[in-house]
Amino acid sequence: MSDRYAQLTKLPVAGTLTKRIGLPQPVTLERGSSTIDGRVLLGGSGRLAGAAARVLAQLGADSATALDDPVRSLAADAGLDAAVFNPEAPADRRFKALVFDASGIASSAQLVELQRFFHPTVRRVLPSGRVVVLGGLADSVAQRALEGFTRSLGKEIGRGATVQLVRVSPGAEDQLDSTVRFLLSPRSAYVSGQVVTITPSERHPAVDWQRPLAGRLALVTGAARGIGASIADVLERDGAEVVRLDVAGADIELDITAADAPETLARHFKDGLDLIVHNAGVTKDRTLAKMPEDRWQSPMEVNLIAPERITDALLPLLREDGRIVCVSSMSGIAGNAGQTNYATSKAGIIGLVETLAPKLERGITINAVAPGFIETQMTASMPIGVREAGRRMNSLRQGGLPVDVAETIAWFASPASAGVNGNVVRVCGQSLLGA
Ligand SMILES: NC(=O)c1ccc[n+]([C@@H]2O[C@H](COP(=O)([O-])OP(=O)(O)OC[C@H]3O[C@@H](n4cnc5c(N)ncnc54)[C@H](O)[C@@H]3O)[C@@H](O)[C@H]2O)c1
């Protein structure tokens with residue numbers, strides 16, 4: 001469904017008027033490309049700047065580092081051809097992305113380094129730009145504090161730019177690539193204000209960045225329409241062979257809540273598979289006082305119990321470096337009136353990710369996306385007031401598209417994302433709800 005308000009703000013007279021009276025100004029987000037189109041400024045000092053410089057060098061990014069910054073020599077060591085950036089440079093010297101290594105910040109007093117780097121540079125970020133702060137685990141006061149910074153900057157930066165914090169465990173410096181690439185690219189258009197944690201992994205599979213899923217077999221549930229169809233399309237674009245499952249209109253026509261569904265799938269994939277995407281989902285909204293047991297139980301069975309049973313049945317068949325990706329929801333994080341059943345099931349899915357992630361072996365990972373307001377048939381049928389509130393109450397001032405969820409899943413699914421395990425990433429434009 002088209003966003004008429006966003007179209008209105010692009011018209012000459014109406015656009016000026018909406019700006020004057022302080023109404024939201026959604027910009028057209030850049031999407032699609034897997035690389036960064038524009039200059040990147042790299043700064044900060046810590047154990048991650050060298051790894052970030054290496055990723056930027058491999059991306060062939062046009063880059064700069066701050067004047068008198070220790071990053072300059074790290075960049076040179078990583079083969080990154082970085083120019084020098086002088087904060088006094090004219091205002092038209094702009095950047096597509098700012099990458100700041102904050103892992104060296106060891107005390108609260110040193111947090112001023114954030115102000116020193118971003119104050120002269122944040123206005124230079126181009127539309128649909130990217131800010132990525134790299135930090136350590138939240139095991140010190142100063143490192144914990146980084147979250148307040150990135151979440152606030154995400155809310156004020158505007159013009160379709162996004163801000164993320166990537167926490168890298170000691171020993172996981174060599175697992176940065178897929179995450180930094182995704183977060184810098186237009187593919188992360190509707191992901192903002194997120195904290196991603198990267199953990200060490202022995203796995204370093206060779207990856208063709210154009211077709212990272214080549215040779216991989218994927219199962220996507222609920223793939224006949226909406227977000228699921230987009231997930232299947234994006235995984236195929238990335239080279240995967242995708243088996244689309246749905247109750248009708250799919251390669252496998254199956255009700256995932258059927259008693260024998262796990263065995264049916266285990267038989268189908270008896271020779272193994274590489275990726276399971278638990279996307280099928282239903283809502284049966286009503287306040288708890290008016291909710292009979294069957295209405296409670298329907299989303300629980302589709303959204304939570306079936307993914308648990310199917311995971312149990314297919315986990316032994318998942319090949320090395322296999323991936324499980326679940327689709328949760330912002331409701332599962334923030335809660336929502338009229339959705340006690342749905343939110344319980346979607347919070348349960350986060351529980352599945354968090355309890356299974358530490359137990360997985362053979363390079364297998366499990367992660368979840370938690371979509372916010374995504375433009376689908378479901379959101380098109382909402383009353384206009386609720387729909388408009390959903391679209392505007394986020395830092396990007398617009399709804400996301402199914403492809404935004406799909407791109408995030410493709411990042412989790414990549415063999416290069418071995419260090420991304422147990423994460424729940426919201427695809428919500430940094431919604432104000434449950435932030
Ligand atoms: N649209 C949003 O804004 C939004 C927000 C947060 C989370 N989500 C989640 O994203 C996922 C996809 O949502 P969507 O908006 O594309 O919904 P949708 O209703 O358009 O698609 C869901 C698909 O799942 C299938 N399905 C439902 N029950 C099934 C069953 N028992 N067995 C097999 N297939 C079944 C449906 O037939 C349908 O094709 C869901 O898990 C949903 O909860 C969506």
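In the predicted model, the count of aromatic pairs comes to 7. One of these joins phenylalanine 118 and phenylalanine 149, whose ring centres lie 5.3 Å apart with their planes at 40°, so the pair is classed as tilted. The two partners are distant along the chain, being 31 residues apart: phenylalanine 118 belongs to helix α5 (residues 112-118), and phenylalanine 149 belongs to helix α6 (residues 141-156). Their surroundings can be described by relative accessible area. Phenylalanine 118 has a value of 3% and is therefore buried, whereas phenylalanine 149, at 22% relative accessibility, is partly exposed. Between planes at 40°, the angle is neither under 30 degrees nor over 60, which is why the tilted class applies to this pair.

A second aromatic pair is formed by phenylalanine 182 and tryptophan 411; this pair is stacked, with a centre-to-centre distance of 4.8 Å and 10° between the planes. Here too the pair links distant parts of the chain, since phenylalanine 182 is in helix α7 and tryptophan 411 is in helix α15 (residues 402-413), 229 residues apart. Phenylalanine 182 is buried, with a relative accessible area of 7%, and tryptophan 411 is likewise buried, at 4%. Ring pairs also connect Phe100, Phe117, Phe118 and Phe149 into a cluster. Apart from ring-ring pairs, a charged side chain lies over an aromatic face: arginine 181 is placed over tryptophan 209, at 4.0 Å from the ring centre.

Helix α7 also takes part in the packing around helix α3. Helix α3 spans residues 49-59, and its buried residues are Ala49, Ala51, Ala52, Ala53, Val55, Leu56 and Leu59. These buried residues pack against three strands, β1 (40-44), β4 (95-101) and β5 (125-135), and against two helices, α4 (71-77) and α7 (177-184). The helix is followed by glycine 60, which has a positive phi near 70°.

An open sheet of 7 strands was identified, with parallel pairing and the order β10-β9-β8-β11-β12-β13-β14. Its edge strands are β10 (252-253) and β14, each of which pairs on one side only. Within this sheet, strand β8 (residues 217-221) is mostly covered, with 5 of its 5 residues buried. In a regular strand, side chains alternate between the two faces of the sheet. In β8, Leu217, Leu219 and Thr221 point one way, while Ala218 and Val220 point the other way, and all are buried.

The pairing of β8 involves a strand on either side in the sheet order. With strand β9 (residues 241-246), β8 pairs in the parallel sense over 5 bridges, and leucine 219 has valine 243 of β9 as its bridge partner. The connection through helix α8 (residues 226-237) makes β8, α8 and β9 a right-handed β-α-β unit. With strand β11 (residues 273-278), β8 is joined by 3 bridges, and these strands also run parallel; valine 220 has valine 277 of β11 as its bridge partner. Towards the β14 edge of the sheet, strand β13 (residues 365-371) pairs with β14 in the parallel sense over 4 bridges. In this pairing, alanine 368 is the bridge partner of valine 424 in β14.

The segment after β14 (424-427) contains serine 431. Serine 431 is buried, with a relative accessible area of 6%. The side chain of serine 431 reaches the backbone nitrogen of leucine 433 at 3.0 Å. When residues up to four places away in sequence are not counted, serine 431 touches Met330, Met393, Asn394 and Arg426.

A further residue examined was threonine 9, which lies in the loop between α1 (4-8) and α2 (12-20). Although placed in a loop, threonine 9 counts as buried, at 10% relative accessibility. With neighbours within four places in sequence left aside, threonine 9 is in contact with Gly15, Thr18, Pro24, Gln25 and Pro26. The C-alpha atom of threonine 9 is separated by 38 Å from that of proline 212, the two residues being 203 residues apart along the chain.

Methods. Residues are numbered from 1 along each chain as its sequence is written. This is a predicted model: local features need pLDDT of at least 70, side-chain atom pairs count only at pLDDT 80 or more; totals for chains, interfaces and linings use all residues. Side-chain values use heavy atoms; hydrogens and water are left out. Buried means under 20% relative accessible area, exposed over 50%, partly exposed in between (1.4 Å probe, protein chains only). Contact means heavy atoms within 4.5 Å. Rings of Phe, Tyr and Trp (its six-membered ring) pair if their centres lie within 6.5 Å; planes under 30 degrees apart count as stacked, over 60 as edge-to-face and the rest as tilted. A charge sits over a ring if NZ of Lys or CZ of Arg is within 6 Å of the ring centre and within 35 degrees of the ring normal. A polar contact is a pair of N or O atoms within 3.5 Å; within protein, one must be able to donate a hydrogen and the other to accept it, and residues adjacent in sequence count only if both atoms are side-chain atoms. Two strands pair if DSSP finds at least two bridges between them. A crossover is right-handed if, with the strands pointing away from the viewer, the path from the first strand over the helix to the second runs clockwise.
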